[in-house]
Amino acid sequence: MKKPGPMHNIVYRCPAMTWDDAMPLGNGLLGALVWGNARPMNITLDRTDIWDLRSVPEFDSPELTYANLREWIRSRNDEPIKRLIEKPYSRPYPTKLPIGRIRLDFKSGFKEGELRLADATARVRLTTAEVRVFVHSNMQVGMILARGESPDRIGINVPPFAAGRSERKAHGGYVGELSDLGYEAPQRVCGRDFTAYTQRGPDCCLAVFLGWREGASGWLAAWTVAMSADGSADAFDAARESVNAALAAGWQQLHKSHCAWWRDYWRRSAIYIDEAVIEDQYYRDIYKLGAASRPGGPPMALQGPWTADDGALPPWKGDYHHDLNTEMSYWPYCAANRIEQGTALLDWLWDTREECREFTRRFYGMPGLNVPGACDLRNRLIGGWAPYSVATTTGAWLAHAFYRHWRFTADHTFLKRRAHPYISEAADFLEAITTERDAGGRRTLPLSISPELNRNTFEAWWPAITNHDLALVRRLFGSAAQTAEAVGNKYEAARRRRVLSELPQMWTAREGLLVTKGTPLWESHRHHAHLMAIHPLGLVSWHTDSSSRQLMKASLAHLDSCGTDAWTGFSYAWL
């Protein structure tokens, strides 16, 4: 089976001088970014389950209900919307927490860097030395080996939790200082062959430990990030023990077991594309999937295991954006046969469903399950723009992940225990919220959106159900009928098909698929949300009939006519 070769590696002829141009390493829980010109060489650290999860009091307000939201939108009263949904996002928590970086100063200058995808190892060649770095594939430790020269300065740059200002670059998400969290100063501990720090927060105590030793093979170092949920000092002891064990095992032994995992990972599928740039991008993205998502760990949030290293709170607080980002990050895993990577998302959605049920009962006053559009590590509402924060079809899109997993794996046990129950609860909610009828007597949503169209204005809420929402609702009821039938519940299957028959068909015109009834896409836009029925939901297929093919051609031609001015990277991938 083909695996990525030297031609797919990421090669740096010049050093990456910022964290977001770095070489990414990870195992789903620990992450690292290797960057710098060796004066210093930086290794930005991360751990995906370290969050400040303090609750937001506004979200428990009895004033915050779907019925009230409808009235506020009808009367164009944005004061309570901003106060109860949007402004809480300006509070520094809940948030993913940055961890800091290892700093190594060498006398040599930078010559070349390379991220080897086959064994997930970063290599940096200096004028008189070579440095190699990896995050172990299934042990919570990272390793550094320097041959030819040892660093003459070693340290950990601790995030400014207690004081100081950041050196962040401007970005579109919430921007805040780490000192806004109100933490006590971190505690540093240093010795002859180690340096470490601990940081207490309201939910946990985290510890970062870096140890090193000189040996026959060169200068060897190991690091880890540990956490104790009760805020005790146990994290420091656990981190020190892990690092000492890794140093005792040595580079060769740990790198061998690390490479074995990645060999198995790359054996699972291969792809051949005549266009070298696209083939490179494919292998690099499949590499990142393996580095960022593992069973037993959190699923990929906005920055995965590579939280921004600019001294500030992470962009968008490192949250889970379920209006595209979470779902799109997991699109490849089934077809690419990386099934284990997908289970991180599915297990998390399953384990957090009670939080989502409670949100559905409290905010909507309805049965079943929906999911907020932007969430923290517990899948709880985190706030932001109301049109996506409390969108009604978020749960339908996430439920589709369960459906896809079942269809690809044909795992009947998963169908009975996970897929059908989750899909069924999502369908219960959408059946309840679509009881109102449009002028043609068909089910509709009282508030419908097409993500980010008309941005955060009253015009972002459409009076007729959008093709984005309609595609998700139709897909969900079709899936619910199919899974119910597969588990032998014919009554439920008939009920889901009845609801499906009461929904309108997709809105179309000569431009192909529309945004909503009578409204084609009118501007360049990065979300191809009105084309959800084509991909990823597959309701409109090239293989169905000639009319479907014509609809797809017209839709893509109209998308092309709107231009790419507002597109970003994911827009091209989606296309």
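A residue is called exposed when over 50% of its relative accessible area is open, and buried when that value is under 20%. With these terms in hand, three parts of this predicted model can be introduced.

A good place to start is helix α13, residues 490-501. Its 12 residues should span 16 Å at 1.5 Å a residue, and the end C-alpha atoms are indeed 16 Å apart. Glu-492, Ala-493, Arg-496 and Val-499 are the buried residues of α13. Viewed down the helix axis, these residues fall within an arc of 125 degrees, so they line one face of α13. Lys-490, Tyr-491 and Ser-501 are exposed, on the face turned away from that buried side. Among the elements covering the buried residues of α13 are α11 (412-433) and α12 (467-486).

These two covering helices also pack against each other. The axes of α11 and α12 lie 9 Å apart, at an angle of about 140 degrees, and the two helices are therefore oblique to each other. Their crossing is left-handed. The contact includes Leu-415, Ile-423 and Leu-430 of α11, together with Val-473, Leu-476 and Phe-477 of α12.

Helix α4, residues 251-267, invites a similar look. Its 17 residues reach 24 Å from the first C-alpha to the last, close to the 24 Å expected at 1.5 Å a residue. The buried residues of α4 include Trp-251, Trp-261, Trp-262 and Trp-266, as well as His-255, His-258 and Cys-259. The buried residues cover an arc of only 155 degrees around the axis, which puts them on the same side of α4. On the face turned away from this buried side, Gln-252, Gln-253, Lys-256 and Arg-267 are exposed.

Notes. Residues numbered from 1 in each chain as written. Predicted model: local features only at pLDDT ≥ 70, side-chain atom pairs only at ≥ 80, totals over all residues. Heavy atoms only, no water. Helix = DSSP H or I, 4+ residues; strand = E, 2+ residues; numbered from the N terminus. Expected span 1.5 Å × (residues − 1). Buried < 20%, exposed > 50% of the residue type's maximum accessible area, 1.4 Å probe, protein only. Arc of directions from axis to C-beta. Contact = heavy atoms within 4.5 Å. Axes fitted to C-alpha atoms, helices over the stretch in contact; angles between N-to-C directions. Parallel < 35°, antiparallel > 145°, perpendicular 65-115°, else oblique. Left-handed = near helix turned anticlockwise from the far one by under 90°.
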